[in-house]
There are 4 protein chains.
Amino acid sequence: MTEHAPVVFERPVRIRFAHCDPAGIVFFPQYLTLTNALVEDWFTDSLGIDYAHMIGQRRVGLPIVKLECEFARPSRMGETISLALSLVRIGRRSLDIRIVGRGSDGVRFAANQVLVTMSLDTGESIGVPDDIRAALTHAAAHPIHPEHEGTTP
Amino acid sequence: MTEHAPVVFERPVRIRFAHCDPAGIVFFPQYLTLTNALVEDWFTDSLGIDYAHMIGQRRVGLPIVKLECEFARPSRMGETISLALSLVRIGRRSLDIRIVGRGSDGVRFAANQVLVTMSLDTGESIGVPDDIRAALTHAAAHPIHPEHEGTTP
Amino acid sequence: MTEHAPVVFERPVRIRFAHCDPAGIVFFPQYLTLTNALVEDWFTDSLGIDYAHMIGQRRVGLPIVKLECEFARPSRMGETISLALSLVRIGRRSLDIRIVGRGSDGVRFAANQVLVTMSLDTGESIGVPDDIRAALTHAAAHPIHPEHEGTTP
Amino acid sequence: MTEHAPVVFERPVRIRFAHCDPAGIVFFPQYLTLTNALVEDWFTDSLGIDYAHMIGQRRVGLPIVKLECEFARPSRMGETISLALSLVRIGRRSLDIRIVGRGSDGVRFAANQVLVTMSLDTGESIGVPDDIRAALTHAAAHPIHPEHEGTTP
């Protein structure tokens with residue numbers, strides 16, 4: 001992955017009772033559910049591409065094909081962590097993103113994800129639709145943080 | 001349940017991809033996960049009782065012992081629904097609440113829940129701690145909506 | 001609900017780390033996810049109605065419209081509990097079932113559920129399809145336990 | 001990761017309604033919940049180390065610190081897929097495993113995971129306890145499949 005990936009979207013998220021396991025810390029698949037919600041919010045609230053409409057009406061899906069994740073420190077119930085999303089690469093039929101979760105003591109987890117654009121009718125990958133590509137390109141050109149935070153862990 | 005249960009707490013919640021099932025609507029156990037998060041927010045943000053601290057440090061749990069739920073209309077990905085919580089009764093070792101989820105077309109679901117205060121160390125029910133009782137009593141006296149919305153379905 | 005509801009299907013289920021919360025016991029919405037899986041298995045393995053085919057190809061859904069649940073004792077990670085399903089009533093467009101979870105110390109939870117048959121294409125309730133009705137009727141006549149275990153809690 | 005990682009544990013798992021998303025396929029965090037359950041079963045049923053006892057009584061946790069995952073083909077509700085676990089490396093304070101999910105059409109997903117042994121009381125990593133190391137070493141010497149299936153994806 002490229003070393004240059006400024007943050008294009010960021011949201012706080014509160015860690016819930018339901019996210020935590022008997023060890024009292026976030027159960028790791030829950031982090032990935034949170035990253036999925038972050039992508040939804042990024043599309044709908046920032047890119048201007050309504051995620052639910054994209055899935056439900058346009059029948060364009062965004063399945064993950066590759067995931068690399070490091071879990072650096074545990075997160076606990078009641079904490080609010082920040083999730084920052086970087087757009088690493090816009091491919092022909094895919095996009096590479098990086099999501100970093102940070103708490104008061106630093107990075108909690110970092111995930112690199114490759115998402116492909118797929119027709120939910122045929123199950124086949126498709127080229128990134130023009131409007132989505134335009135929105136992604138615009139986002140890449142307008143990061144919310146100037147510093148580079150998407151370096152591979 | 002009493003017919004008088006004005007709303008004491010209310011929050012919007014966005015329906016996520018992860019909440020929905022292959023029929024494209026909220027998978028019903030997810031509604032209950034959402035009601036649990038609502039109770040957390042009510043305690044922490046409105047009652048002034050830090051929920052995570054209550055569970056983790058004070059070791060006071062709030063398990064559910066009784067649940068009645070009606071699912072009136074489906075909710076779909078991308079929608080924002082409103083969750084309204086009414087405090088129906090403050091018992092000696094329990095509280096009765098009612099949570100109603102509403103979308104643009106009216107009630108989506110309504111849940112009556114009996115929660116008991118429990119020592120997480122002994123696993124035994126305990127009297128509602130004084131500070132929690134005081135906060136609940138104050139909340140009951142200061143509903144956010146004057147109308148009665150907690151009538152049994 | 002009727003007092004006569006002999007058990008028509010039963011399965012053991014192991015309580016997982018992922019089912020449990022920071023209090024070390026099953027997080028209650030997880031019980032409801034387990035009851036949903038039990039209904040799937042009942043249809044597919046006992047009634048001879050392939051649940052996935054029913055949803056995916058026939059587009060017949062089985063959403064819940066009413067739920068009553070009592071949580072009597074906690075269940076802990078590593079335990080195997082038994083889930084017993086009783087068919088309480090076969091309606092015109094619905095069925096009433098009761099699911100009781102039992103551990104070594106007795107009943108853990110009991111849930112009464114009303115499920116409606118719905119067209120997933122129109123979102124409208126439909127009459128219980130003939131083959132499903134026949135399978136349900138056969139099941140009701142051939143309980144696996146003679147005793148009545150479906151009494152309302 | 002080493003290229004030699006014969007399978008030491010294998011289990012079928014049925015894909016549930018609750019695992020699937022509005023696209024009708026497994027929601028990817030659910031795969032990771034399934035891999036966690038596989039590790040539990042491996043410990044309890046094959047290694048002879050009761051996982052729940054290890055967590056709850058011995059207070060030894062097994063958090064994940066590194067995850068690499070590829071999602072090759074979707075899995076659908078009602079399918080039974082096979083999960084095969086390979087033990088890639090036994091470290092001083094960690095173990096590397098690889099889990100491959102296969103359906104009738106081949107590999108669905110493959111996950112490389114690094115798990116560390118941790119004291120749940122102190123939150124610090126600890127050396128792999130002797131009995132667990134012995135069980136892992138025995139497992140590594142007695143794979144259930146002679147062929148190598150744990151090659152890095």
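In this predicted model, 10 residue pairs are in polar contact across the interface of chain A and chain B, both partners standing at pLDDT 80 or more. On the chain A side, the elements that give two or more residues to the surface touching chain B are α1 (28-47) and α2 (51-56) of chain A. Of these, α1(A) gives the most, with seven residues. Sorted by class, the side of chain A that touches chain B holds eight nonpolar, four polar and five charged residues.

The charged groups also appear in the pairing between these two chains, where the count reaches eight salt bridges. One of the salt bridges joins R16(B) to E40(A), with 3.8 Å between the closest N and O atoms. E40(A) lies within the span of α1 (28-47) of chain A. In all, chain A brings 17 residues to the contact, and chain B brings 17 residues as well. About 1,300 Å² of area is buried between chain A and chain B, and carbon and sulfur atoms give 55% of that area.

Attention now turns to chain D and its relation to chain A. A turn of 180° with a shift of 0.0 Å along the axis lays chain D on chain A, with an RMSD of 0.0 Å. The two copies are therefore related as by a two-fold rotation axis. Within chain D, E68(D) has the C-alpha nearest the axis, 2.2 Å from it. As for the surfaces used, 100% of the interface residues of chain D are also interface residues in chain A, so the copies meet through the same surface.

Methods:
Residues are numbered from 1 along each chain as its sequence is written. Chains are lettered from A and ligands numbered from 1 in the order in which they are written. This is a predicted model: local features need pLDDT of at least 70, side-chain atom pairs count only at pLDDT 80 or more; totals for chains, interfaces and linings use all residues. Side-chain values use heavy atoms; hydrogens and water are left out. Copies are superposed by least squares on the C-alpha atoms of residues with pLDDT of at least 70 in both. Contact means heavy atoms within 4.5 Å. Buried area is the accessible area (1.4 Å probe) that two parts lose on being put together, summed over both. A salt bridge is a side-chain nitrogen of Lys or Arg within 4 Å of a carboxyl oxygen of Asp or Glu. A polar contact is a pair of N or O atoms within 3.5 Å; within protein, one must be able to donate a hydrogen and the other to accept it, and residues adjacent in sequence count only if both atoms are side-chain atoms. Helices (H or I, at least four residues) and strands (E, at least two) are DSSP runs, numbered from the N terminus. Ala, Val, Leu, Ile, Met, Phe, Trp, Tyr, Cys and Pro count as nonpolar, Asp, Glu, Lys and Arg as charged, and the others, Gly among them, as polar.
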